[in-house]
Amino acid sequence: MTSMTEPPAESFRLSQLIYDTRYRSMTIQVVAFILILLALFWLGRNIVSNLEDLGKDFDFGFLGSRAGYDINQRLIEYSNDSTHARAALVGILNTLLVAVLGCALATVLGVIAGVLRLSNNWIVARLMAVYVEGFRNIPLLLWIILIFAVMTEATPRPSDFRGDRPEASMILGDSVAITNRGVYIPNVFFTRSLGGNEMAEVTDSAEATVIASSSGLDWFVIILVFVASILGARAIGRWATAKQEATGIRPAGAFWMQVGTVVVPSVIVFLALGATLDFPGLRGFNFGGGIHLRNSLIALWLALALYTGAFIAEIVRAGILSVSKGQTEAAFALGLRPNRTMNLVILPQALRVIIPPLISHYLNLTKNSSLAIAVGYMDVRSTLGGITINQTGRELEGMLLLGLFYLVTSLVISGVMNIYNKSVMLKER
Amino acid sequence: MKKSVFLGTIAVAGLAAGAVSAQTLDEVQARGELNCGVSTGLAGFSAPDSDGEWQGFDVAVCRAVAAAALGDPSAVNFVPTTGQTRFTALASGEVDMLARNTTWTFTRDVDLRFEFVGINYYDGQGFMIPRELGVTSAMELDGATVCIQTGTTTELNLADFFASNNMDYEPVPVETNAEAQQQYLAGACDVYTTDSSGLAATRATFEDPSAHVIMPEIISKEPLGPVVRHGDNEWGDLVRWVLVGLIAAEELGVTSDNVMELAEGTNNPSIERMLGNEGEFGPILGIDQDWMVNVISSVGNYGEIFEENIGEDTPIGLARGLNAQWTDGGLLYAWPFR
């Protein structure tokens, strides 16, 4: 039986596009694609024609013109003669500052609260439950405003520190002042700076920026030395472990050698640069000198950290619960104390579950920092997205740039966190 | 097929584009209500009273325009706007006009594509400071912390003033007047700066107004007036001539009390033309012939509005000053109805 039925001639009819399952999904996708393109085209066309009706052009030239307004918290040199682009940059740095501070504190709070919520101690576990539910279920904006209101209404005014019998006094040996305008803490500056800035510049009280006017070069050198010494300490640790594995005895003093490697070089650099503390003190209307942590920064930072920390606590708790109880029992059977069990056995395994949702909460925190406007914190939403747009009338351009900034920042954060996630992921070979 | 999709798209886009450029007056009349952008609350200028009714000097301008365009001063939908949101609200068509202490500047008029129809209050930027600080002049404010509303001309004037006098300051940006008041009273800033009329209005709402002084220095010129979108000249003309009418009525002695009487006929041709007994001014603007009668009978003339809301007999207690008629040495000078 070698006869074969001839395959039917390939005849194609238009109706096959809908009724033939071979083509149908393709048809649907093509139609959907065209519709999406049309919608995009319509939106773009709408923008162009509306801009024409309003008589506005599309131009980013405003970024180069003089801003004309002042910004209170600036991490880089800025005055009202600077450009709008510079003002946007100041705002971007302020956003990043509060995002980094917020993520760090939220992680610490979240891990502590998440672990403690699983504690066998009834009071501690319930307290943490109250914290988590309280912060998770009340809008972030309310927390920001509440903390800000407490900071401005309940703390003394700078004028209360004045006089022979002041109503308020500085704490920690007259080094820290908590006022309704913010917290003033001592600042480190360098008398033998590499950047060549002299004392005169540092004592300029008006320059009360968060990172005061010390040369960035000095800090860069210090951080470099610090990172190098940590790498050195880890090398010593590896050497000691190798020795321990070979001989069974950990070399005496390995721990102190590590501590020394971390601390000594940094201290030497500090002394070499002539580090001195600049204490805040009353000058004119306000405190001068030191570092001025404004209430807006503190309120935003604490609110973001406490709020996001509550979510992270739940993630951490879920991560820990996802590790089988057998792991804990096995660790106990080996004689590990609960503390070490948590640090060496449970948390490393829990991290695999914790990291992915943690990324999205870091992103949330960064984007939520745009609520800064509620307390007048000059983030990028307030400078570029607020005053600049308002003074130049470039809403479309400003909002596009603002969106682009948040997009890029979020992608960078999730990119970095994904790399970290890869390193803790279960290694499959 | 390609062609029809293309044509369809063009048609859709064309329809979408048409919506914005329609005539504001027609829209307002079709809607039966005027959308008027006011401030979020500044006593005497625009603030809701205890019954929730908006009252004030700026609010009266909205009501006057509604009385002219619709014959009903209460047909106004008040839209509170902040210094930052006001221009977007106007440009997007959310409001038909702004009557909210907005300074007439070159950039706003020319670059931001708005139309200032006139000036209803000549103002200047001042500073308010608690009396206990013992400061008597703005030149002593070196190092002060200053509360400032963002998105305003005062923000720029402040930067210029301190820079040109070689002084330093710490700006505390706030969104609204209410927020500024809270911060100032809590002592989070030493000084509050805004238009001096705004300072007087804000101070009047304090528990103890006498504990705060307004510095003698006025550091800027702030001509405040109603704003409409650029490009719709008919609507701009209407708002402009309502404002001029309010000012002219005071000059001509037409008040809310005697307007009905005068509308029946007088021997003053200027009043005759303004009140619509002569000429066709209302229909030329596209509204009723007795539009000014509606305006004056519902809100009064400029002087009446001023005295009722912010004048010397009110808690705000502003003197007429620059805002007196030109015949009394002020700057108010109504153009002729002719």
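**Note on a predicted two-chain model**

1. Start with one pair of residues. In chain B, Q149(B) sits opposite V174(B), a residue of β10(B). The strands involved are β9, residues 144–149 of chain B, and β10(B). These two run parallel and are joined over 6 bridges. Keep in mind that the whole model is predicted.

2. Now widen the view to the sheet around that pair. It is an open sheet of 5 strands in chain B, and its order reads β10-β9-β11-β8-β12. The pairing is mixed. Which strands stand at the edges? They are β10 (169–174) and β12 (212–214) of chain B. Each has a single partner strand, so one side of each lacks a neighbour in the sheet. From one strand to the next, the twist averages 30 degrees. As background, strands of a sheet pair through backbone hydrogen bonds, in either a parallel or an antiparallel way.

3. A helix lies across this sheet. Helix α8, residues 196–204 of chain B, crosses β8 (125–130), β11 (191–195) and β12 of chain B. Its direction is at about 125 degrees to β11(B).

4. Look next for enclosed space. A search of the whole structure gives 6 cavities of 30 Å³ or more. The largest cavity holds about 260 Å³ of space. It is lined by 23 residues, and those closest to its centre are R100(B), N101(B), Q149(B), T152(B) and T194(B). Q149(B) is thus back in view: it is the residue opposite V174(B). Elements that give two or more residues to this lining are α6 (153–164), β11 and α8 of chain B. What kinds of residue make up the lining of the largest cavity? There are 16 polar, 6 charged and 1 nonpolar.

5. Chain A has a sheet to set beside this. It is an open sheet of 3 strands, in the order β1-β2-β7, with antiparallel pairing. At its edges stand β1 (177–179) and β7 (291–294) of chain A. Each of these has a single partner strand, so one side of each has no neighbour in the sheet. Here the twist averages 15 degrees from one strand to the next.

6. Take one strand pair from that sheet. β1(A) and β2, residues 182–185 of chain A, pair in the antiparallel sense over 3 bridges. T179(A) has G182(A) in β2(A) as its bridge partner. Helix α9(A) packs on the sheet and touches β1, β2 and β7 of chain A. The direction of α9(A) makes about 55 degrees with that of β7(A).

7. The second largest pocket also deserves a look. Its space comes to about 610 Å³. Of the 19 residues that line it, L118(A), N120(A), I320(A), T328(A) and M342(A) lie nearest its centre. Four elements of chain A give two or more residues to the lining: α3 (84–117), α9 (295–321), α10 (325–333) and α11 (338–368). Which element gives the most? It is α11(A), with 6 residues. The lining divides into 10 nonpolar, 7 polar and 2 charged residues. Note that α9(A) appears here and also packs on the sheet of point 5.

8. Finally, check the confidence. Chain A has a mean pLDDT of 84, with 91% of its residues at 70 or more. Residues 197–213 of chain A stay under 50. The model gives that stretch 34 contacts beyond four places in sequence. For chain B the mean pLDDT is 87, and 93% of residues reach 70 or more. Residues 9–21 of chain B are below 50, and that stretch has 13 contacts beyond near neighbours in sequence.

Definitions and conventions:
Residues are numbered from 1 along each chain as its sequence is written. Chains are lettered from A and ligands numbered from 1 in the order in which they are written. This is a predicted model: local features need pLDDT of at least 70, side-chain atom pairs count only at pLDDT 80 or more; totals for chains, interfaces and linings use all residues. Side-chain values use heavy atoms; hydrogens and water are left out. On a 1 Å grid over the protein atoms alone, a cavity is a set of points where a 1.4 Å probe fits but cannot get out, and a pocket is an open set with protein on both sides within 12 Å along at least five of seven lines; lining residues have an atom within 4 Å of a point. Grid points are joined across faces, edges and corners, and a volume is the space filled by probe spheres set on the points. Ala, Val, Leu, Ile, Met, Phe, Trp, Tyr, Cys and Pro count as nonpolar, Asp, Glu, Lys and Arg as charged, and the others, Gly among them, as polar. pLDDT is the predictor's confidence in each residue, from 0 to 100. Contact means heavy atoms within 4.5 Å. Two strands pair if DSSP finds at least two bridges between them. Axes are lines fitted to C-alpha atoms, for helices over the stretch in contact, and angles run from 0 to 180 degrees between N-to-C directions.
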